[in-house]
Structure formats: C-alpha cells, structure tokens
Amino acid sequence: MGRTKSSGGGSNVAGSSHSPSSDTNSTSSTAAAEVRIKDLLKELYHLIHQVQDERARGEHNLTNISKTHERMQQEQKVTPYYKNKLKGLYKTAMQDAELEAELLRKALDKIAEVKSIRENRRLGKIKDSDRPKPIMRRGVLMTMLQQNAQTLPLWVSKPGEKPPPLCGAITADNNYVAKPGDKVAARVRSDDEENWILAEVVTFNSSTNKYDVDDIDADEGKERHTLSKRRIVPLPIWKANPETDPEALFTKNMLVLALYPQTTCFYRALIHEPPKKPQDDYSVLFEDTSYQDGYSPPLMVAQRYVIACKEDKKK
C-alpha cells in the first residue's frame with residue numbers, strides 16, 4: 001500500500017546570476033537570523049532555569065502540605081488552625097503551578113519562533129548564499145517527517161481554556177488559510193485515480209480560492225498542484241494532551257485519514273486505540289482488502305498525520 005518511488009523526492013535548483021548587492025543583502029539577512037536564534041536560545045536557557053527554580057519552590061510547599069496532613073491524621077482532628085494553614089498552603093501551591101505553567105508557555109513560544117526562523121530559511125525567505133539546497137533522499141525525508149511529528153508542540157491549556165482549532169482532532173476554522181511552508185493533506189488526481197498526499201503550501205490565491213502546493217515526495221523537480229480549498233486539509237499544529245484534553249482526540253472506531261507508515265500518502269483507517277499519554281501515537285486499522293476482515297493489523301501513526309475523514313465508511 002502507498003506510493004513507492006525509485007528515487008527519493010527533491011529538486012535541484014538551478015543557479016541564477018545576481019548582483020553583489022543581493023549577496024550582501026542575503027548575507028545580512030542570514031546573519032540577522034542567526035543572531036535572533038542565538039538570542040532566543042539564551043532566553044530559553046534562562047526560562048528553563050526559572051522553571052527549575054519555581055519547581056523547587058513549589059515542591060517545598062507541597063512537602064509542607066503533606067506534613068500538615070500527616071499531623072492532622074496523627075491528632076485525628078481538624079482544627080481551625082490546620083484549616084487556615086492548609087488554605088494558605090494550597091493557595092500558594094496554585095500560584096506556584098500557574099507561574100510555572102506560564103514560564104513553560106513562554107519557553108514553548110521561544111522554541112516555536114526558532115523553528116519558524118529555520119523553516120523560513122529552508123523555504124528561501126531568508127537567502128543563504130553559502131549553503132546549497134540539498135536533494136532530499138527518501139530515507140532522509142522519512143526521518144524528517146518522523147522528527148516533525150515528534151517535535152510537534154503539545155498544547156498546554158490554561159485553567160478553563162479549550163483546545164484551539166488544529167489541536168489534535170480539532171479541525172481548522174472555515175476561513176483558515178494555511179501559510180506558505182505549512183504541511184497539508186492534498187487530494188490530487190493522477191492516473192485516473194484520486195489520492196490524498198502529503199504536500200507543502202506554496203501560495204494561496206484569495207481571488208480564486210485555490211492553493212498552489214508541492215508534493216513533498218516528488219521525483220526530480222517539484223510536482224506542483226493547483227487545488228481548490230476543499231481539496232486541502234491542514235495538518236494539526238499542536239498535539240492534544242490525552243490527560244487534560246481528551247475531547248481533542250479522535251475516539252475508538254472513528255473513521256480518519258492517516259499517513260501510511262514509510263509513505264507520503266493518506267489512507268482511510270479506523271481508530272483502534274487513541275493515545276493515552278502525550279507522547280503516544282494513535283493505533284489505527286487501515287482499510288485493506290488483502291485481509292479477511294478488510295482491515296490491516298494495528299499500525300502506529302503520530303497525531304501530526306491523522307486527520308478527519310469526511311467520507312462515509314466503506315462502501
């Protein structure tokens with residue numbers, strides 16, 4: 001099952017002549033990006049130390065709460081003194097937890113900005129005259145897709161906050177427009193068949209309501225498609241936490257489109273088991289007529305590559 005290609009996708013970009021001033025601008029942009037990344041990493045370093053300090057302070061307070069409960073059990077009574085003390089300790093614990101969570105959110109924002117700068121460089125928005133664009137071999141592509149799924153940010157909700165669109169199974173708003181460089185599932189026609197492939201957004205034309213997307217696994221040279229918005233499904237940009245936001249996950253027996261392992265094609269599948277922990281993947285059963293019951297054995301697919309299927313179940 002899935003597309004197989006003899007030589008991994010990628011493209012050779014022919015060189016073009018340009019003036020010395022364009023080289024200077026390119027070098028300047030690259031240097032500015034490198035400086036910004038270094039600054040962000042320094043800020044991230046300090047934030048991580050602040051998180052560790054807050055956690056240590058919070059653990060000390062939690063120890064006091066535990067000891068207070070032990071004394072109450074020994075004395076077998078709840079006095080006004082213990083009530084007031086515990087009330088103060090729990091209030092402090094809540095404040096400590098909220099502060100630690102806020103620091104973690106800031107750290108995640110720094111990481112997201114670093115990733116964005118590096119992605120912009122990869123797309124050529126920030127020119128790098130000293131580094132030629134490499135051809136993406138298939139093995140490297142598969143590793144990159146796996147890493148992309150593993151490093152997808154985990155959505156951390158504030159108290160009472162609901163997960164946003166594109167968190168786990170939550171679909172994008174109707175007016176959402178994917179940005180250049182975003183990965184999407186694209187429904188394309190080839191050889192009289194329609195397939196859902198993994199693609200990268202190039203541009204969106206608001207007047208025609210159509211995307212230009214590149215097949216991420218095209219052979220020599222980019223395979224570009226112009227597709228209507230209804231043929232594009234944005235991929236999740238956050239992982240949902242099963243422990244805090246289970247409603248943002250597909251549930252058992254739901255019909256989905258999932259990226260078949262070691263391919264760049266999405267196929268219909270049933271959820272066998274949703275993730276139980278933040279780092280877990282979905283277990284899915286792909287539709288496969290070569291098996292007696294019509295489904296493959298369970299296969300693991302990351303949250304990043306499991307999306308809603310609007311089609312009906314097997315015909």
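These legends describe close-up views of a predicted model.

**View 1. The main nonpolar core, with V213, F266 and Y305.** The largest nonpolar core of the model has 51 residues. V213, F266 and Y305 are the residues with the most contacts inside this core. Strand β7, residues 265-273, contributes six residues, the most to this core. In soluble globular proteins, nonpolar side chains tend to be buried together.

**View 2. The surroundings of V213.** Leaving aside neighbours within four places in sequence, V213 is in contact with V184, A186, A199, E200, V201 and V202, among others. Its contacts also include E223, R224, H225, L227 and I232. V213 is one of the residues with the most contacts inside the largest nonpolar core.

**View 3. A second core, with M72, Y82, L89 and A93.** Apart from the largest nonpolar core of 51 residues lies another core, of six residues. Among its residues are M72, Y82, L89 and A93.

**View 4. L166 in the loop between α3 and β1.** L166 lies between helix α3 (138-150) and strand β1 (183-190). L166 counts as buried because its relative accessibility is 4%, and the cut-off for buried is under 20%. Not counting residues up to four places away in sequence, L166 touches T171, A172 and Y176, and also P234, L235, P236, I237 and W238. The C-alpha atoms of L166 and R304 are separated by 9.8 Å, although these residues are 138 places apart along the chain.

**View 5. A nonpolar surface patch made by L108, I111 and V156.** These three residues make a nonpolar patch of about 200 Å² on the surface. V156 lies in the loop between α3 and β1. With a relative accessible area of 35%, V156 is partly exposed.

**View 6. Q76 in the loop between α1 and α2.** Q76 lies between helix α1 (20-75) and helix α2 (80-123). Q76 is not a glycine, yet has a positive phi of about 55°. Most residues other than glycine have a negative phi. Q76 is exposed because its relative accessible area is 71%, and exposed residues have over 50%.

**View 7. N209 in the loop between β2 and β3.** Strand β2 (193-205) and strand β3 (210-215) are joined by the loop that holds N209. N209 also has a positive phi, of about 60°, although it is not a glycine. N209 is partly exposed, with a relative accessible area of 37%.

Definitions and conventions:
Residues numbered from 1 in each chain as written. Predicted model: local features only at pLDDT ≥ 70, side-chain atom pairs only at ≥ 80, totals over all residues. Heavy atoms only, no water. Helix = DSSP H or I, 4+ residues; strand = E, 2+ residues; numbered from the N terminus. Buried < 20%, exposed > 50% of the residue type's maximum accessible area, 1.4 Å probe, protein only. Contact = heavy atoms within 4.5 Å. Core = buried A, V, L, I, M, F, W, Y, C linked by side-chain atoms within 4.5 Å. Patch = residues over 30% accessible without salt bridge, like charges linked within 9 Å, V, L, I, M, F, W, Y side chains within 5 Å. Areas by Shrake-Rupley, 256 points an atom, 1.4 Å probe, with all protein chains shown as cover. Salt bridge = Lys/Arg side-chain N within 4 Å of Asp/Glu carboxyl O.
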